[in-house]
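Got your viewer open? Let's go on a short walk, one selection at a time.

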Amino acid sequence: MIYKVFYQKSKEEVPVRECTDSLYIEADSEREVRLKLKDKPYNIEFVQKLEGAFLEHEKNQESFELEK
């Protein structure tokens with residue numbers, strides 16, 4: 001499964017929507033996504049499972065780069 005993760009680059013800063021970044025990661029569950037990213041300094045805001053037409057739309061974006 002592929003998930004889209006919305007995050008802030010630092011846990012120390014207050015989340016600001018304009019500074020939110022996203023990445024795509026392959027995992028079996030949301031929990032696995034969070035475990036894979038636990039060593040990063042990210043402040044994870046939201047993890048969204050991508051499937052169907054929405055996944056196909058995201059794959060067509062230039063910013064789509066899958067992390068494993």
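Is Glu30 buried, partly exposed or exposed? Select Glu30 and turn on a surface to get a feel for it: this residue is partly exposed, with a relative accessible area of 36%. That label fits because partly exposed covers the range between under 20% (buried) and over 50% (exposed). Keep in mind as you click around that what you have on screen is a predicted model.

**Stop 1: Glu30 and its partner**

Keep Glu30 selected and add Arg34. Their side chains meet in a salt bridge, with N and O 3.2 Å apart. Why might two side chains do this? Side chains of opposite charge can pair when their charged atoms come close. Now show the cartoon: Arg34 and Glu30 both sit in helix 1, which runs over residues 30–37. The two are 4 residues apart, or about one turn of the helix.

**Stop 2: stay on Arg34**

Drop Glu30 and look around Arg34 by itself. Arg34 counts as partly exposed, at 36% relative accessibility. Which residues does Arg34 touch, leaving out those up to four places away in sequence? Select Ile44 and Val47, and you have them. Try a distance label too: the C-alpha atoms of Arg34 and Val47 are separated by 8.5 Å, and the two residues are 13 apart along the chain.

**Stop 3: another pair in the helix**

Next, pick Glu32 and Lys36. Here's a salt bridge again, this time at 3.6 Å from N to O. Both residues belong to helix 1, and they are 4 residues apart, about one turn of the helix. How open are they to the outside? Glu32 is partly exposed at 25% relative accessibility, and Lys36 is partly exposed at 34%.

**Stop 4: away from the helix**

Now select Lys9 and Asp21. These two form a salt bridge as well, and their closest N and O atoms are 3.6 Å apart. Where in the chain do the partners sit? Lys9 is in the loop between strand 1 (2–8) and strand 2 (21–26), while Asp21 is in strand 2. With 12 residues from one to the other, the pair links distant parts of the chain. Color by accessibility if your viewer can: Lys9 counts as exposed at 57%, whereas Asp21 counts as partly exposed at 26%.

**Last stop: the whole view**

Zoom out and clear your selections. How many salt bridges does a search of the whole structure find? It turns up 5, and the pairs you visited, such as Lys9 with Asp21, are among them.

Key. Residues are numbered from 1 along each chain as its sequence is written. This is a predicted model: local features need pLDDT of at least 70, side-chain atom pairs count only at pLDDT 80 or more; totals for chains, interfaces and linings use all residues. Side-chain values use heavy atoms; hydrogens and water are left out. A salt bridge is a side-chain nitrogen of Lys or Arg within 4 Å of a carboxyl oxygen of Asp or Glu. Buried means under 20% relative accessible area, exposed over 50%, partly exposed in between (1.4 Å probe, protein chains only). Contact means heavy atoms within 4.5 Å.
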